[in-house]
Amino acid sequence: MAIIKVFPGKKNISVAIDYVTDSKKTDNTLISGKDCVPTSCYDEMMSIKNYYDKKDGNTYFHFIQSFSPKDNISYEKAHEIGMKFAEQFKGFQVLVATHKDREHPHNHLVVNSVSFEDGKKFHMTKKDLERIKEYSNQLWIAEGLSIISNKKSQVKDVSKNELAVAQKGESWKFKLMGDIDYCMAISNSKEEFIKNMNKLQYQVTW
């Protein structure tokens, strides 16, 4: 089953870069950049933000592209698909890292929120999310991999109003969903999940 998750980020983009390039989760052979060089992507992305004077609001978008263990896909093939997935973000720098710290490969894509072509900010409507998911599905189909059905699409479970509020960073429900998914993605045990949630100021009862 193929799953796409996305987390808008308002913190310094270095937070996301440091996480996805953590040597405990990946290695240099599984880190690449679209329109940027991995080793200098932070400076390159910040130079675009500074040039267009757009450093507020969402600073990046963090996409997670997960593969099913049943697909038995290699880390190298997963990374190749991740790079193809990154091509859809026209005009935006993208850092792609494939993590291998779990039983199944999963790609992390950090997308700069400011376009290097015209300085416009990256925005997502419900229609955009559907288009992104469909593009990912086509990549999976081309590789003969399984995809998530439309009935189970997480995008369809979010109302247009809820998404609009979330885009402004005002939805507590959407933020909670994102924080839970984020902590699950970076945790390898129940204890680690609770610890990560506590760091985000949540009290967890298991």
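## F85 and its ring partner

Let's start with F85: in this predicted model, F85 is buried, because its relative accessible area is 0% and the cut-off for buried is under 20%. What kind of aromatic pair do F85 and F89 form? The pair is edge-to-face, with 5.9 Å from centre to centre and 80 degrees between the planes. F89 has a relative accessibility of 3%, so F89 counts as buried as well.

## F63, F89 and the ring cluster

A pair of aromatic rings is described by the distance of the centres and the angle of the planes. By the pairing rule, the count comes to eight aromatic pairs. Take F63 and F89: their ring centres are 5.0 Å apart and their planes sit at 45 degrees, so this pair is tilted. How far apart in the chain are F63 and F89? They are 26 residues apart, with F63 in strand β3 and F89 in the loop between α3 and β4, so the pair links distant parts of the chain.

Are F63 and F89 buried or exposed? Both are buried. If you zoom out a little, ring pairs join F61, F63, F85, F89, F92, F122 and Y135 into a cluster.

## The nonpolar cores

Now for the greasy part of the model. The largest nonpolar core has 22 residues, and F63, F89 and L109 are the ones that touch the most other members. Which elements each supply at least two residues of this core? They are β3 (60-66), α3 (75-86), β4 (94-99), β5 and α4 (126-142). Helix α3 gives the most, with five residues.

F63 shows what this looks like up close. Leaving out residues up to four places away in sequence, F63 touches I4, K5, V6, F85, F89, N107, H108, L109, V111, F122, M124 and I132. Apart from the largest core lies another one, of 14 residues, with I31, M46, Y60 and L95 among them.

## The sheet and the helices on it

Next, the strands. Five of them make an open sheet in the order β1-β3-β5-β4-β2, with antiparallel pairing. Which strands are at the edges? They are β1 (3-9) and β2 (31-34), and each of these pairs on one side only. On average, neighbouring strands of the sheet are turned by 20 degrees against each other, if you ignore direction.

Look at β4 and β5 for a moment: they pair in the antiparallel sense over six bridges. Here V96 stands opposite L109 in β5. Helix α2 (residues 41-52) packs on the sheet and touches β4 and β5, and its direction makes about 35 degrees with that of β5. Helix α4 packs on the sheet too, touching β1 and β3, with about 35 degrees between its direction and that of β3.

## N112, tucked inside

Where does N112 lie? You'll find N112 in strand β5, which covers residues 106-112. N112 has 0% relative accessibility, so N112 counts as buried. The side chain of N112 reaches the backbone oxygen of M45 at 3.3 Å.

Not counting neighbours within four places in sequence, N112 is in contact with I13, M45, I48, K49, T59, F92, Q93 and F122. Among these contacts, F92 and F122 are rings you've already met in the aromatic cluster.

## Out in the open: D53, Q201 and E103

Finally, some exposed residues. Most residues other than glycine have a negative phi. D53 goes the other way: its phi is near 55 degrees, a positive value, and D53 isn't a glycine. D53 is found in the loop between α2 and β3, and at 59% relative accessibility D53 counts as exposed.

Q201 has a positive phi too, about 75 degrees, although Q201 is not a glycine. Where is Q201? Its place is in the segment after α7 (190-199). With a relative accessible area of 70%, Q201 is exposed.

E103 lies in the loop between β4 and β5. Is E103 buried or exposed? E103 counts as exposed because its relative accessibility is 70%, and the cut-off for exposed is over 50%. E103 and N72 are 31 residues apart in sequence, and their C-alpha atoms are 9.9 Å apart in space.

Methods
Residues numbered from 1 in each chain as written. Heavy atoms only, no water. Helix = DSSP H or I, 4+ residues; strand = E, 2+ residues; numbered from the N terminus. Buried < 20%, exposed > 50% of the residue type's maximum accessible area, 1.4 Å probe, protein only. Polar contact = N/O pair within 3.5 Å; in protein donor to acceptor, adjacent residues only side chain to side chain. Contact = heavy atoms within 4.5 Å. Core = buried A, V, L, I, M, F, W, Y, C linked by side-chain atoms within 4.5 Å. Phe/Tyr/Trp six-rings, centres within 6.5 Å; stacked < 30°, edge-to-face > 60°. Pairing = 2+ DSSP bridges. Axes fitted to C-alpha atoms, helices over the stretch in contact; angles between N-to-C directions.
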